[in-house]
Amino acid sequence: MKVLFIYPNINAQVGFNYGLAFISAVLKKHGHTTRLLNLNEKLYKLPSDEEIVKYIRDYAPGLIGMSVVTPQYPTALRTARLIKKNFPDIPIVIGGVHTTLVPDEVMKEDCFDYACTGEGEEAVLELVTKKERGEDTSAILNIWSRTNEGIKQNSVRSFVDLSKLPMKDYELFDLQHMINKEDGWVRLMGSRGCPFRCSYCFNHKIVDRYKDDLSATDVGYIRRHCLEDVLDEIKYLLRTYRDIKTFIFDDDIFTFDKKFLRAFCTEYPKLTEVPFVVNGHVRAFDEERAKMLKEGGCSIIKFGLESGSERIRRDVLHRPMSNEEIVRAFEAAHKFGLHTSAFVMIGLPYETREDILATIELLSRIRPGRFRWAIFFPFPRTDAYEMSLKGGYINFEKMRELKNFTEASCLDFGPEHNLFISKLQKTFPWYVNTHSENSPGNIYSFLTRAVEDMPPDKWEETKDKILPVDRELSLCLNKAGCKHYSFRYNDFTAVRSDWGDGKGE
Ligand code: SF4
């Protein structure tokens, strides 16, 4: 069967969808044909409705599949409605994290014939096989389906055995084009799952869903591809594609399994000198791991801190770790010459101005090589969503309109705090510079005070002029040899001025 995937990733960074790449590989292994309509304006000009209809008419797929996280859902819904109107007989299956969290909401929309909850490799293969044979498709595990009797809600099946999967179908994504657009960065993932239960992340809800459906206490969520498979995949990529400059591992926590980390960092440098980037967790990081990573060729280690307030991390984010543990992890990474990256969020439920200032102070204390900030978004049905709902914070109209996590908040804190978040989102590095030792803090302190004094209408006029001011100032400070953070790559990442090679996600 011909299967068309649609990845509705508009108004976002260039993205690689591991789920679609694996499902495509499994389908191809079983003789099916796949194609991808990758909707991302940074990669391709976005097609008009007429062009989408023509594309589907020309390809004539037997099934259309989409995979979405919550901000991508409105585009998926709009596109599915367009397709159903023009091709009522082509079934559409939607999957991804959003669908797994709210399959009932998704299936209220007539344009979706099936909702794939949980992992899709085996479920979509079974759906395609049954469709092709003209068999009943109403009882496929993981798949909710629309039947004459209503929506059939099927349980999830056990997690897939990663050792039985073929390698991801990189060609589905036209990888060379992505490499060219992404300055040589290539994404990889060597494991699935995370042992933590942060309230704002989908992981705990997925585990709960599997525990409920399978009546099991341990559902085997955390799985790893064996080292040979990871290395083989890297060899394949190096052999097949040009101009790869960095591998970036999207594993939730690459540093968790020390034995694997040691083996990987021993074998990787035998293959290539291309640097790699990983996610760590401060509770699964120490000097030994830092040394292994440095010797293995790691260039950047990224840590999610989310907040500098221990109260917010513990009570709201369910991410218990002390500021001292954070400081120690960054010191360990810096001692061995790793470039560090810190992720934080602002606009959290129950967060005060003092909590936000604690985040700024923590960043100025640990001095990461770079940091990235996002505005909290409550993923439906996560614990953090329920907290936001209970606290009366969610503005549902704003939530429906939001397209990403970097531009605005869909939580309402009252006019004063809303304005502070809006200002902070546009000037975050200036606040960190204000608090940092050895940086020209008085200049930034003057700037942040000027921003804070602006009434809403003046701020609206000014906010889009921040980036050019930051650029000019940064050039002058660089000439004067003053260390500071400035915006780089986008308007939600700041890089320390003494990190000069200009490469980054
Ligand atoms: S550590 Fe990261 S991946 Fe794991 S649950 Fe928390 S946010 Fe999710």
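These legends accompany close-up views of a predicted model.

**Figure 1. Overall fold of the predicted protein.** The secondary structure comes to 20 helices and 17 strands. The radius of gyration is 23 Å, close to the 23 Å that the globule rule gives for 505 residues, so the protein is as compact as a globular protein of that length. Along its principal axes, the C-alpha trace spans about 70 × 55 × 45 Å. Buried residues account for 42% of the 505 residues. Take the contacts between residues at least 6 apart in sequence: 72% of them join residues at least 24 apart.

**Figure 2. Domain 1 against domain 2.** The protein is divided into domain 1, residues 2–162, and domain 2, residues 184–420. Their centres, taken over C-alpha atoms, are separated by 27 Å. Across the boundary, 17 residues of domain 1 are in contact with 22 residues of domain 2. Helix α4 (residues 97–101) gives the largest share of the domain 1 side, with three residues. By class, that side of domain 1 has 11 nonpolar and six polar residues. It has no charged residues.

**Figure 3. Helix α1 and its packing partners.** Helix α1 runs over residues 18–29, which makes 12 residues. At 1.5 Å a residue, α1 should span 16 Å. The C-alpha atoms at its ends are 17 Å apart, which agrees. Buried positions in α1 are Gly19, Leu20, Ala21, Phe22, Ile23, Ser24, Val26 and Leu27. These buried residues pack against four strands, β1 (2–8), β2 (33–39), β3 (63–67) and β4 (92–95). They also pack against one helix, α6 (121–133). Just after α1 comes Gly31, which takes a positive phi of about 90 degrees.

**Figure 4. Ile92 in strand β4.** Strand β4 (92–95) is one of the elements that the buried residues of α1 pack against, and Ile92 lies in this strand. Ile92 counts as buried because it has 23 C-beta neighbours inside 10 Å, where 20 or more are required. Setting aside residues up to four places away in sequence, Ile92 touches Ile64, Ala80, Ile83 and Lys84. Cys111, Phe112 and Asp113 are also among the residues it touches. Ile92 and Ala115 are 23 residues apart in sequence. From C-alpha to C-alpha, Ile92 and Ala115 are 8.6 Å apart in space.

**Figure 5. Residues around the ligand.** Which residues surround the ligand? They are Cys194, Phe196, Cys198, Cys201, Asn203, Asp252, His281 and Gly304. By class, this shell has four nonpolar, three polar and one charged residues.

**Figure 6. Ile375 in strand β15.** Strand β15 covers residues 370–375, and Ile375 is in it. Is Ile375 buried or exposed? Ile375 counts as buried, because 22 C-beta neighbours lie inside 10 Å. Leaving aside neighbours within four places in sequence, Ile375 is in contact with Met345, Ile346 and Gly347. Its contacts also include Phe405, Thr406, Ala408 and Ser409. Ile421 and Gln425 are further contacts of Ile375. Thr75 is 300 residues from Ile375 in sequence. In space, Thr75 and Ile375 are 21 Å apart, C-alpha to C-alpha.

Definitions and conventions
Residues are numbered from 1 along each chain as its sequence is written. This is a predicted model: local features need pLDDT of at least 70, side-chain atom pairs count only at pLDDT 80 or more; totals for chains, interfaces and linings use all residues. Helices (H or I, at least four residues) and strands (E, at least two) are DSSP runs, numbered from the N terminus. A residue is buried if 20 or more other C-beta atoms lie within 10 Å of its own, exposed if 12 or fewer, and partly exposed in between; C-beta atoms are placed from the backbone. Two residues are in contact if their C-beta atoms, placed from the backbone, lie within 7 Å. A residue is near a molecule or strand if its C-beta atom, placed from the backbone, lies within 6 Å of it. Ala, Val, Leu, Ile, Met, Phe, Trp, Tyr, Cys and Pro count as nonpolar, Asp, Glu, Lys and Arg as charged, and the others, Gly among them, as polar. The expected span of a helix is 1.5 Å times one less than its number of residues. The radius of gyration is taken over C-alpha atoms; the globule rule is 2.2 Å times the number of residues to the power 0.38. Domain bounds come from an automatic or database domain assignment.
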